[in-house]
Amino acid sequence: MNNNIAQLGEPVLGEVATYVREFGPELAELVERMMTEMERANGIGIAAPQIFASQRVAIIASRPSERYPDAPHMEPLVMVNPEMLTHGSTEQVGWEGCLSVPGIRGKVRRYCDIGIAYQDLNGEAKSVELSGFLARIALHELDHLDGKTFIDKVESRRDLIAGTVWEQQCR
Ligand SMILES: [Zn+2]
């Protein structure tokens, strides 16, 4: 098990993370550590609270992998102080997993199309439109910044299943 990644039950995963105000070397170092842990765990996204830093920083980094063979390929996108500004009316239910919730998958309803405003590592204001799987990853990571995991989002206990069962039945 990777002790560098906060696991379900760690208080930091339930906290509302604080806004980043300084865009200096400490932020760059935090993002570096997030990248390292995400890659080490073969993840496609990570939020700072997952490495015990209660700050509003998230990375999405979709790429095809054994766990997500259909994931689109993208350059990692680092978002500081991200906020969802817009969303379409369509929602979709899909399976999610989380580096902080090992061994469990959950069915979660998410918007299909979203617009996010954020700052980059230098504090520059940016925005991005995301849809489908990328919107799902982003919304999952944004939830972490508000102290929520996908387990808080499932609509029924029946929508939580063991990862091993998911491998057999759902992928
Ligand atoms: Zn997660």
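This is a walk through the fold of one chain, from its overall dimensions to its two sheets and the helix that touches both. The model is a predicted one.

Let us begin with the whole chain. Its secondary structure amounts to 3 helices and 8 strands, and from the N terminus on the elements follow the pattern α-β-β-β-β-β-β-β-α-β-α. The radius of gyration is 15 Å, close to the 16 Å that the globule rule gives for 171 residues, so the chain is as compact as a globular protein of that length. Along its principal axes, the C-alpha trace spans about 45 × 40 × 25 Å. Of the 171 residues, 32% count as buried. If you like contact maps, here is a useful figure: among contacts with a separation of 6 or more, 65% are between residues 24 or more positions apart.

Now turn to the sheet of 5 strands. This sheet is open, with the order β1-β2-β3-β6-β7 and antiparallel pairing. Strands β1 (45-47) and β7 (125-131) stand at the edges with a single partner strand each, so one side of each is left without a neighbour in the sheet. On average, and ignoring direction, neighbouring strands here are turned by 40° against each other.

Strand β2 is a good place to look at this sheet in detail. On one side, β1 and β2 pair through 3 antiparallel bridges, and Ile-46 stands opposite Ile-59 in β2. Strand β2 also pairs with β3 in the antiparallel sense, over 4 bridges; there the bridge partner of Ile-59 is Val-78 in β3. In a regular strand the side chains alternate between the two faces of the sheet. In β2, Val-57 and Ile-59 point one way while Ala-58 and Ile-60 point the other way, and all are buried. Further along the sheet, β6 (residues 113-119) and β7 run antiparallel and are joined by 7 bridges, with Ile-116 having Val-128 in β7 as its bridge partner.

Which strands does helix α1 lie across? Helix α1 (residues 25-40) lies across β1, β2 (57-60) and β3 (77-87), and runs at about 40° to β2. Helix α2 (residues 132-145) packs on the sheet too, touching β1, β2, β3, β6 and β7, and its direction makes about 160° with that of β2.

The other sheet is made of 3 strands; this one is also open, with the order β4-β5-β8 and antiparallel pairing. At its edges are β4 (91-98) and β8 (160-162), each pairing on one side only. Neighbouring strands in this sheet are turned by 25° against each other on average, direction ignored. Strand β4 runs antiparallel to β5 (residues 101-111), joined to it by 7 bridges, and Glu-91 stands opposite Tyr-111 in β5.

That brings us back to helix α2, which lies across β4 and β5 as well, running at about 110° to β5. How many of the 14 residues of α2 are buried? The helix is mostly covered, with 12 of its 14 residues buried. Among them are Leu-134, Ile-137, Leu-139 and Leu-142, and also Arg-136, Glu-141 and Asp-143. From its first C-alpha to its last, α2 reaches 21 Å, close to the 20 Å expected at 1.5 Å a residue. After the helix comes Gly-147, whose phi is positive, near 75°.

Key:
Residues are numbered from 1 along each chain as its sequence is written. This is a predicted model: local features need pLDDT of at least 70, side-chain atom pairs count only at pLDDT 80 or more; totals for chains, interfaces and linings use all residues. Two strands pair if DSSP finds at least two bridges between them. Helices (H or I, at least four residues) and strands (E, at least two) are DSSP runs, numbered from the N terminus. Axes are lines fitted to C-alpha atoms, for helices over the stretch in contact, and angles run from 0 to 180 degrees between N-to-C directions. Two residues are in contact if their C-beta atoms, placed from the backbone, lie within 7 Å. The expected span of a helix is 1.5 Å times one less than its number of residues. A residue is buried if 20 or more other C-beta atoms lie within 10 Å of its own, exposed if 12 or fewer, and partly exposed in between; C-beta atoms are placed from the backbone. The radius of gyration is taken over C-alpha atoms; the globule rule is 2.2 Å times the number of residues to the power 0.38.
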